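User: I have a two-chain model here and would like to know how its features earn their labels. Could you take me through the reasoning?

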Amino acid sequence: MAELKELLKEQIIDVLNLEDITVADIQDNDPLFGEGLGLDSIDALELIVLLDKEYGIKLADPKQGKEIFSSIQTLAQFVEQNRTK
Amino acid sequence: MKNCYINGIGTIGIQHPDYKLLEQEPQALFARNQAQHPVYKELIPAASLRRMATGVKMGCYAAQLALQEAQQPALDAIICGTGQGCLQDSEKFLTAMIAQDEEYLTPTSFIQSTHNTVAAQIALQLQCHAYNFTYVQGGSSFESALFDGLNQLNYSNAQHILVGGVDEHAPQFDDLYTLAGNYKAEDEAVDFKNPTQGGVAQGEGANFFLLSQEQQANSYAQLLDVWLFNQPQRSIATEIMQFLSLNNLQSKDIDVLMLGYNADASQQAYFDAMAACFPETAIAYYQHISGSYDTASAYGLAAAAQVLKAQQFPAHLSYNSIKPNRLKTILLINQSRGTDYSFVLLTAC
């Protein structure tokens, strides 16, 4: 799980072009949206594509995203339970 | 007719961001030239910056420079010209579409790939809900925007208008244009005065202007007229004389003729025909400083405005051996491969 969390942080930084952010800056339980990393709705779309492309996970219900993307911790748990690749 | 003053200028291009046109020789030009970038974070929020391709960054930054210089007036319009639009994001999106078999397409590059992205991003940064328009008219894209800006000031209640031009490199498009002979190949020599090979020395950049009805103490110049047409109906000489006549001028009244000479042997005759109409006039050029792109003529306007404001005509702008007797009136003429002609007339404040 720890390895997956690190990988997800790297992928998020890369996909969202977070130039000034390093893996060490993102804490596992920090909120990704709003006050934490400050991501927005366009970033949410990018993350949905990331899950599909890298882990074979299709989010059928966009409302799921709110819980799944709340932190690296929740995202990693969801990926581990649902990944197909 | 109301007056139209240039009260602020912002330029980003292939010269160093701190380059001073009137004080420094420009860096040598090559066949392909990339923009030298400032620290964009100084003027653009990091959260917005991370989604911007080169052209959007250059445009937003240059617009902010122009606004700062003009003391940040409330804008009545944001008008942009671009020959090719946001090509980098267009290529990024299309490449992903092909590489990933039309799956996993992310939204950012698609959203930012439209031609009006720069004008829209400037409006978003400024929270400006005023008139917002982007002209895509090949080699006269910038002049189309300028023409609109001048008309907005003349025929509406607009007081302050931001007008600019932006174009950026994009690898695949550049390769296609090189194959077509429009751009020089990377190892080709660049000679602006006696070109022997076709193709232009490619550049990129963003140049923005704050146009205002009010003259300020630091105004650069007064914009008198803008005219554009696809091709001369009879001859370029006739078009020039008609334009001068409409402005109650003769060729001898033009102190500097600024032409878009672009080191392309196949286009040299078009500019030589313009120069022949002004045999006793100082002729200036600027694309050896900016490189060539569809809206490079906006850099020409920036150069002309700086010359008029400072009343200095640096030797590196001079194309012929004639020195201007005074620096009151400058006429800029441009064309692109025999079409997209434009005249821009400026006078000192």
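Analyst: Happy to. Two strands count as paired if DSSP finds at least two bridges between them. With that in hand, note that this is a predicted model, and that in chain B the bridge partner of B:Tyr5 is B:Ser212, in β5(B).

User: What makes β1 and β5 of chain B a pair of strands?

Analyst: The rule asks for at least two bridges. Strand β1 (residues 5–12) of chain B has 7 bridges to strand β5 (residues 205–212) of chain B, so the two qualify as paired. They run antiparallel.

User: Why is the sheet in chain B called open, and which strands are its edges?

Analyst: The 10 strands follow the order β3-β2-β4-β5-β1-β6-β10-β9-β7-β8, with mixed pairing. At the edges are β3 (131–135) and β8 (282–285) of chain B, each of which pairs on one side only. From one strand to the next, the twist averages 25°.

User: Which helices lie across that sheet's strands?

Analyst: Among them is helix α2 (residues 54–69) of chain B, which lies across β1, β4 (160–167) and β5 and runs at about 145° to β1(B). Helix α9 (residues 268–276) of chain B lies across β7 (256–259), β8, β9 (329–336) and β10 (339–347), at about 155° to β9(B).

User: How do you know that B:Arg51 and A:Asp43 form a salt bridge?

Analyst: Their closest N and O atoms are 2.8 Å apart. The cut-off is 4 Å between a side-chain nitrogen of Lys or Arg and a carboxyl oxygen of Asp or Glu, so this pair passes. Across the interface of chain A and chain B the rule finds 4 salt bridges. On the side of chain A that touches chain B, the residues divide into 6 nonpolar, 1 polar and 8 charged.

User: What else describes the contact between the chains?

Analyst: 15 residues of chain A are in contact with 12 residues of chain B. The area buried between them is about 1200 Å², with carbon and sulfur atoms giving 48%. A:Ile42, A:Glu46 and A:Val49 supply 36% of what chain A buries against chain B, more than any other three residues.

User: What makes A:Lys9 and A:Asp28 a salt bridge?

Analyst: Their N to O distance is 2.8 Å, and the limit is 4 Å, so the label holds. The pair links distant parts of the chain: A:Lys9 is in helix α1 (residues 2–15) of chain A, while A:Asp28 is in the loop between α1 and α2 (41–55), 19 residues apart.

Conventions: Residues are numbered from 1 along each chain as its sequence is written. Chains are lettered from A and ligands numbered from 1 in the order in which they are written. This is a predicted model: local features need pLDDT of at least 70, side-chain atom pairs count only at pLDDT 80 or more; totals for chains, interfaces and linings use all residues. Side-chain values use heavy atoms; hydrogens and water are left out. Helices (H or I, at least four residues) and strands (E, at least two) are DSSP runs, numbered from the N terminus. Axes are lines fitted to C-alpha atoms, for helices over the stretch in contact, and angles run from 0 to 180 degrees between N-to-C directions. Contact means heavy atoms within 4.5 Å. Buried area is the accessible area (1.4 Å probe) that two parts lose on being put together, summed over both. Ala, Val, Leu, Ile, Met, Phe, Trp, Tyr, Cys and Pro count as nonpolar, Asp, Glu, Lys and Arg as charged, and the others, Gly among them, as polar.
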